[in-house]
Amino acid sequence: MPFGFPAKDWKDLATFFRGSSSSPHLRSALMSMQIHPLLGRTLDGKRRSCVGCRRKHRSCDLVRPKCGRCVIADIDCVFETPSSSAAHLAPLADSDAGGHNPLSSGRGSASPSVSASASVSSRSSSSGQSLSLMDGILLASEQPFAEAEPLETRIEDPDQLSTYADFSLVCALLYSGNGYFSSTDFLVHRIVDRDSFLADFFAQPAPLRHALCALAAYTAEPPLPIAIATSYFTRAKKALFRCDRPNVRVLEAVVLITTFTLGIGQPSIGKPFYAHALRIMLQLNLHIDPDELPGSSQMSDNEKAELRMLFWRIYYHLTYAFCITDYTASFDLRYSTVKRPPANPQSLLMECNFVIWHSILYIKKHLRVTPESVEELFSAEADATVLASLDSIPLSLLLIPDLQQVINSELRFNQYELLLKQINSSLPSNPIGIFQLSVNYHAILCLLLRPRLFLTGFISPNSPILTPINHALIQSALAESVTAARRIVELCQLSLYSRDVRRLPVWNLAWMRQVALAPALFEAAVVLYFATCRTRREWRPLSPVTARECLTLIERTFQNLSAQLCLNARSERDNMMTPLLECVAQMLREMDSRDPSPAEADLERIMLEMKVVSLDAEDVVAAGTDEPWVYLSLLGIDVNERVRWNGPLEDGWREFWRNVK
């Protein structure tokens, strides 16, 4: 149990609030948190609200040196010293060792509140016991309301209040050794600080509490009913819509909501929240370095470092989301003045991942416009930009399997051992981070070369429109893209070898990390399929046997991920893996029969699209379709003559290939 509470202490809350000392662990811990027994949240956060927010009777996000409301209003933000509110918190604190009551220290009997405190003090001293919590509540009721500082003038929706069951649920999420969000091996995975968040759990904004509860309920072991997770998700959205002012905690909640929709297999539901997160980040001026903000002299170095790290964490999650969606918005780092994190092995890995995401976004932007001629596909500008970025990644962090060493099991296992040795000797010591970085590195090469690879299906090597230089570029694109795709598959084999043969615990990938590998695996599948089934024989295509083995492994991986998503959702409905699995299955079917029969050719076309459902606390309701979430669509290519990708780029590229042919 978190904070060292015995399990039985959670059942003694009623006894605790009656002033009994039968649960000393729970009593001392909760008293240190200063939890209000009726409101169920800490008083500390409310008592530290700035003067401006208290005057307007609005909640304060407590951000120093200037809270979110004062930033928006462009007014001075003043926080009172703790001593000014100490008297109000005194009823919730035990007396000191000598039985001295802080409320009656140095006071006369001029006011009713002092008389009340004296009477309470006399009762406690005569009985030989310290001031109980109930005595403090009675004292507060005797004090005139006009002299007391209001806690919160807004009546809070009871549905938005958290319980101790919610607290326990979030503890299980953040303290779990196998959870994605408890990982300490990658800086950007830790959206919230675990210890400080739990210490102030009941004072945290409702959207953040409920978003974490949704993730905790969805990943709980043993599994909880899916209705519990969707109920928290609905409450998080409701609380988010009620927030009329942006603040840092609300921004964290928005990012966690999008993470939940991704994990539940319905990422399209979270798409509107990406724009919301980007807007809040700009409204809060997180893209400006704290040293350049007004009042920066009042901030400590630790506070400035925390703001900088928060920006980079939020920016990382948003950039990755833009890579796997058709969402065209993004944030240009040229408009940011936030300093980079201090140079260390962990920040180096983060920088390398930023190179990956920026390269993917650049390629997607470049291919969003359909070329007008074949010559445009040979532009050297895109190649130079992407390759120059990739060259900044240290080779020690890249796993590059030697495909000549996979001809038999013995050589393959020897190579896996060499790759594991490279991982263990690299800094940072982060096997999974290096593995994911390497997989996405090879996926970028496939993305960059795929348009030229597709030319091999429409133009023969002897075509008069090809110059010798362009012919060499196509030949090189075919060889390098196939090599990169096979290396992606070999790295997946490495992860299976490390988990099943070597039984290394670190390679037991959380299912959400496995889902993050799906776009790269799909990119490898597209390249291997096209090089085997659609490339003209004159270009010396890949061996069908090798390609089929690779596609079979990718299909099996997608099947496992789809089954995991169905298990998590407690439903057999379609999820984000369904269109990818259907596409790979059709690739294998075409590979088995290169010439489809007339009956198959006349069948109705299959549209590869992701079914979007509206998550409701009671059930799920169909809400339309969306483009599947991958790095890049099929660019106008039909699989097995009748399977088409449902995306905005398909019609333009399909017309382009028709003209080339």
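# A guided tour of the predicted model

Begin with the largest nonpolar core, which comprises 162 residues; the members that touch the most others are Ile356, Ile393, Leu455, Phe522, Phe558, Tyr631 and Trp657. Next, colour helix H19, residues 431-455, which gives the most to this core, with 14 residues. Bear in mind throughout that the model is predicted.

**Tyrosine 631.** Select this residue and display its surroundings. Setting aside residues up to four places away in sequence, tyrosine 631 touches Tyr320, Cys323, Ile324, Trp357, Ile360, Lys364, Asn440, Ala443, Leu447, Pro519 and Ala520. Another core lies apart from the largest one; this second core has seven residues, including Cys50, Cys53, Cys60 and Phe79.

**The whole chain.** Zoom out to view the protein chain in full, with its 26 helices and four strands. The chain has 661 residues, of which 51% count as buried. Where contacts join residues at least 6 apart in sequence, 73% of them link residues at least 24 apart. The exposed surface of the protein chain amounts to about 29800 Å², and carbon and sulfur atoms supply 53% of this area.

**Aspartate 383.** Now select helix H17, residues 380-390, and find aspartate 383 within it. Is aspartate 383 buried or exposed? Aspartate 383 has a relative accessible area of 17%, and because the cut-off for burial is under 20%, it counts as buried. Beyond its neighbours within four places in sequence, aspartate 383 is in contact with Leu448 and Arg452. Show the side chains of aspartate 383 and arginine 452 together: they make a polar contact at 2.7 Å.

**The cysteines.** Select the cysteine sulfur atoms next. How many disulfides does the structure hold? The structure holds zero. Cysteine 70 is a useful place to check this: its nearest cysteine sulfur belongs to cysteine 67 and is 3.5 Å away, and cysteine 70 is in no disulfide. The reason is that a disulfide requires the two sulfur atoms to be within 2.5 Å. Cysteine 70 is also buried, at 2% relative accessibility. Move then to cysteine 566, likewise a buried residue, with a relative accessible area of 12%.

**Helix H23 and its end.** Cysteine 566 leads to the next selection, residues 544-569, which form helix H23. This helix has 26 residues and reaches 37 Å from its first C-alpha to its last, close to the 38 Å expected at 1.5 Å a residue. Step past the end of H23 to arginine 570, which follows the helix and has a positive phi, near 50 degrees. Most residues other than glycine have a negative phi.

**Two further positive phi values.** Go to the loop between helix H20 (468-501) and helix H21 (511-516), where arginine 503 is found. The phi of arginine 503 is near 55 degrees, a positive value in a residue other than glycine. Arginine 503 counts as exposed, at 65% relative accessibility.

For the last stop, select the loop between strand S3 (620-626) and strand S4 (643-645), which contains asparagine 640. Asparagine 640 also has a positive phi, near 55 degrees, and is a residue other than glycine. Is asparagine 640 buried or exposed? With a relative accessibility of 4%, asparagine 640 counts as buried, whereas arginine 503 counts as exposed.

Conventions:
Residues numbered from 1 in each chain as written. Predicted model: local features only at pLDDT ≥ 70, side-chain atom pairs only at ≥ 80, totals over all residues. Heavy atoms only, no water. Core = buried A, V, L, I, M, F, W, Y, C linked by side-chain atoms within 4.5 Å. Buried < 20%, exposed > 50% of the residue type's maximum accessible area, 1.4 Å probe, protein only. Helix = DSSP H or I, 4+ residues; strand = E, 2+ residues; numbered from the N terminus. Contact = heavy atoms within 4.5 Å. Polar contact = N/O pair within 3.5 Å; in protein donor to acceptor, adjacent residues only side chain to side chain. Areas by Shrake-Rupley, 256 points an atom, 1.4 Å probe, with all protein chains shown as cover. Expected span 1.5 Å × (residues − 1).
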